[in-house]
Amino acid sequence: EQAEIGLIGLGVMGSNLSLNIAEKGNRIAVFNRTPEATRQFYAHAGDLQKQIIPCETLEEFVAAIRPPRPIIIMIKAGDPVDQQMELLRPYLSAGDIMIDAGNANFRDTMRRFDHLKDSGLTFIGMGVSGGEEGARHGPSIMVGGKEESWKRVENVLTSISAKFNGDPCVAWLGENGAGHFVKTIHNGIEYADMQMIAEIYGILRDGLGMSAAEIGEVFDKWNNGRLNSYLIEISATVLKAADPISGKPMVDLIVDAAGQKGTGKWSVIEAQNMGVAATAIEAAVAGRILSSQKSEREAAEKIFGLPKIADLPSDKAAFINDLENALLAGKIGAYAQGFAVMAAASAEYKWNLPMPTIARIWRAGCIIRSQFLDEITSAFTKDPDVANLIVTPAFAQMVKDTDGALRRVVSFAALSGLPAPALASALSYFDAYRRARGTANLIQAQRDFFGAHGFDRIDGVDKHHGPWGSGLGEFA
Ligand code: NDP
């Protein structure tokens, strides 16, 4: 019996995804560049072996799949994907679907679509989130490509996806690069979410002098409230874990230099390309960059020392409550920005991205999964074309309820010299967004002064240059 689907790349993600596919009753053919990995994978597949066809050549692999053949390519992103696609192509027939499930830059996905345009083969760019565990038991899956291609894989992908109250966390989001673009923004939001949690942790640790385990308890409590989410849950678990060697809190022994693989950076680049302010996400990426400059930071601390921690509010419990609300407010800012970037890209690339669906398929399976995303789903379902999440009635109310706390927390952090760049960016974003009369009138005047750019007048008077005198001509 032929396989329903094929998968190339039995690394961490590919092998887990394959077991998931097999476990859900789908027959799957698998292939890996290095055949030893295929043998190892098959040897450890246990009862699922009967659903798996291990293949050591591309020829037998392709022959093992029912046409039109959907083939998931789950390998190292970048050039390897192009190489693998070219090696695979000679064996494929019209209608076969190559599915890149790695963390591709959506620009590469667009290019691959173009490349295959007249070949008779089709392509899907598919974002998969949830890490190893998600791949094995239910990831969130963001699909971009032709709708007909999606129809061919819909059943398999629905069977393996995460479920939120029974609702599958997979959807076709639009043509060509839509899926990988949405995955990129997912990761940008993930960076902001993680950074904000780390900033709050820093305030609790260095501002309030709490131990890792105590902070873990606070996060546990928050996980039962409005901040209920995977990232808060794992942060609590991590904070309470002890090092088996020394018995000390594990987190206290970890070097404070964060790694990154590039999707956060891409989300910032694309936000800039779209002309959308995604300041909290930018701050999160910059935060990781600064974190990695550990030796420079150590040298700078020797020069400057650290500011004294500001006087704490007398009511510690109330301040911890403020921290919870500040995190919620900051999170709203980051998600609003991420969705705004997607809205702009949707218009630019004519994807017609379904915002309520995106929020819906992020509710389970992926790293940013949370109760909060269910609230975003409701808000966008009621108002799918709203300009910004924060002006939907539900989120406007949430911002009104929490922005005071965010203000107090960012103030305390600033006075104490505790870095909180993502939270502060979210606050400034909100303050700029909600203020009808800003200060760019001065920027327009400056631009007119040195560049004769002209400006609009608030009184409608038709006068487009300032009385700057000789400056204008001289510096233009
Ligand atoms: P691994 O490092 O575990 O596996 C890499 C796989 O790529 C191996 O099967 C390897 O084959 C194959 N490979 C590398 N280069 C080539 C090549 N030139 N031609 C053919 N095959 C090649 O990676 P992951 O499973 O962690 O990641 C796979 C993809 O999934 C990446 O795009 C990653 O960004 C993405 N991803 C990862 C997540 C994670 O949590 N790890 C989460 C979501 C997405 P060989 O055995 O022959 O070396």
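In this predicted model, strand 5, formed by residues 97-100, pairs with strand 6 in the parallel sense, and 4 bridges connect the two. One residue pair illustrates this arrangement: Met98 has Phe123, in strand 6, as its bridge partner. Helix 5, residues 106-116, lies across strand 5, strand 6 and strand 7 (140-145). Relative to strand 6, helix 5 runs at about 160°.

These strands belong to a wider assembly. The sheet is open and has 8 strands in the order 3-2-1-4-5-6-7-10, with mixed pairing. At its edges stand strand 3 (52-55) and strand 10 (170-174); each has a single partner strand, so one side of each is left without a neighbour in the sheet. From one strand to the next, the twist averages 25°.

The ligand is the next topic. Around the ligand there are 23 residues, of which Gly11, Arg33, Ile75, Pro80 and Gly102 come nearest. Several elements give two or more residues to this shell: helix 1 (12-23), helix 4 (79-88), strand 6 (122-129) and helix 6 (131-137). Strand 6 thus appears both in the shell around the ligand and in the pairing with strand 5. By chemical character, the residues of the shell divide into 11 polar, 9 nonpolar and 3 charged.

A further part of the chain is described in a database record. An unreviewed UniProt entry lists residues 179-469 as "domain: 6-phosphogluconate dehydrogenase C-terminal". In the model, this span is 65% helix and 0% strand, and the C-alpha atoms at its ends lie 54 Å apart.

Note on methods
Residues numbered from 1 in each chain as written. Predicted model: local features only at pLDDT ≥ 70, side-chain atom pairs only at ≥ 80, totals over all residues. Near = placed C-beta within 6 Å. Nonpolar A, V, L, I, M, F, W, Y, C, P; charged D, E, K, R; others polar. Pairing = 2+ DSSP bridges. Axes fitted to C-alpha atoms, helices over the stretch in contact; angles between N-to-C directions. Contact = placed C-beta atoms within 7 Å. UniProt positions renumbered as here; feature names shortened; annotations may be inferred.
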